[in-house]
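Open the model in the viewer and keep the selection panel at hand. The tour goes from one selection to the next and says what is found at each stop.

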Amino acid sequence: MRGILRGGSLLALLLGAYAVSAVAQPPAPLPQLQAYEVDASWRTPVAPLQIADHTWQIGTRGLSALLIKTDAGAVLIDGGMPQVADHLLANMRKLGVAPGQLQWILHSHAHADHAGPLAAVKRATGARVASNAESSHLLANGGAGDIHFGDGLLFPPVSVDRYLLDGEVVELGPIQLQVHFIPGHTPGSMAWTWRDMRDGREVVIAYVDSLTAPGYTLLENPRYPKILHDFRLSFAKVRDLPCDLLLTPHPGASGWEYAASAVQGKKMDCADYSANAQIQLEKQIEKQRRH
């Protein structure tokens, strides 16, 4: 019996010493969350820049946010980063577009650098959001669960009011915006085409989503097994789009610079854009094969 008591006393002493040690040395704090940090140009506001009679760039130097303005109201395509919402609304007012005149919010794909402020703009204007089924899940979840980035590109969630099928048209006054599904960069990536006037002549404007695969697993990707199939179909589709004037979510990808004015210093059409993207993707595939 004494041996048992002595063993019990020893255990009690050890537990007591551990408790004292725990008090004396508290556990280290958990790591900080890593913020989604981006290039300064993505966050640098610009004044409204006219691209065509009805079409304006109202976002930042490094990200497109297009406002199509008509007598029947306005349409916004993309917004940029989440912190740009107030800037977009201010630029709309500079163009004479009151919040209640924004009728539709469209987008290219559901990443934080393009869909970031859409929830705030919708809340401030009452505009309806139109998207496809593939993007609606990411929009509703604020970017959480992205195939490639997990929860790394979060933004305020936004609900979809109208679900689009490939080839559908969103109409506002004289403007008809047709959607073209071009999966690859995301499963829900989209391009938009519409007619406008520029320098006295009618042009077909194509706003085409990114065709890049930044850091993506392209070979045997279990989350997106048909990613290469989708990219290659989209390259062909973009190549054949009506495309007098090409715009892209990242303006530099199509040769544009947004500063004191909107200038396409390097002329590029949809066929050029598609061909360049395909070359880069094939290089990326070959590099992954070697590793």
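Start with the largest pocket, where helix 3 (112-115) and helix 7 (270-290) each supply at least two residues of the lining. Helices (H or I, at least four residues) and strands (E, at least two) are DSSP runs, numbered from the N terminus. The model is predicted: local features need pLDDT of at least 70 and side-chain atom pairs count only at pLDDT 80 or more, while totals for chains, interfaces and linings use all residues. Residues are numbered from 1 along each chain as its sequence is written, and side-chain values use heavy atoms, with hydrogens and water left out.

**Stop 1: the largest pocket**

Select H185, S210, T212, A213 and P214; of the 25 residues lining the largest pocket, these are the closest to its centre. A pocket here is an open set of points on a 1 Å grid over the protein atoms alone, where a 1.4 Å probe fits, with protein on both sides within 12 Å along at least five of seven lines; lining residues have an atom within 4 Å of a point. The volume is about 450 Å³, taken as the space filled by probe spheres set on the points, with grid points joined across faces, edges and corners. Now add helix 7, which gives the most to this lining, with six residues. Coloured by class, the lining has 13 nonpolar, 11 polar and one charged residues. Ala, Val, Leu, Ile, Met, Phe, Trp, Tyr, Cys and Pro count as nonpolar, Asp, Glu, Lys and Arg as charged, and the others, Gly among them, as polar.

**Stop 2: the disulfide**

Stay on helix 7 and select C270 together with C243: a disulfide joins them, S to S 2.2 Å. C243 lies in the loop between helix 6 (227-239) and strand 12 (245-247), and the pair links distant parts of the chain, 27 residues apart. The link is right-handed, with 85° about the S-S bond. A search of the whole structure finds one disulfide, defined as a pair of cysteine sulfur atoms within 2.5 Å.

**Stop 3: the five-stranded sheet**

From strand 12, widen the selection to the open sheet ordered 8-9-10-11-12, which has mixed pairing. Two strands pair if DSSP finds at least two bridges between them. Strand 8 (169-172) and strand 12 are the edge strands, each pairing on one side only. The twist averages 25° from one strand to the next. Strand 9 and strand 10 run antiparallel and are joined by four bridges; select H180 to find A191 of strand 10 opposite.

**Stop 4: the second largest pocket**

Which strands of this region supply at least two residues each to the lining of the second largest pocket? They are strand 9 (175-181), strand 10 (190-198) and strand 11 (201-208). Strand 10 gives the most, with five residues. Select Q176, T193, W194, R195 and V204, which lie nearest the centre among 14 lining residues. The volume is about 240 Å³, and the lining divides into seven nonpolar, four polar and three charged residues.

**Stop 5: the seven-stranded sheet**

Finally, select the open sheet of seven strands in the order 1-2-3-4-5-6-7, with mixed pairing. Strand 1 (49-50) and strand 7 (162-163) are at the edges with a single partner strand each, so one side of each has no neighbour in the sheet. Two bridges join strand 7 to strand 6 (residues 128-131), and the two run parallel. Here A130 stands opposite R162.

Key. Axes fitted to C-alpha atoms, helices over the stretch in contact; angles between N-to-C directions.
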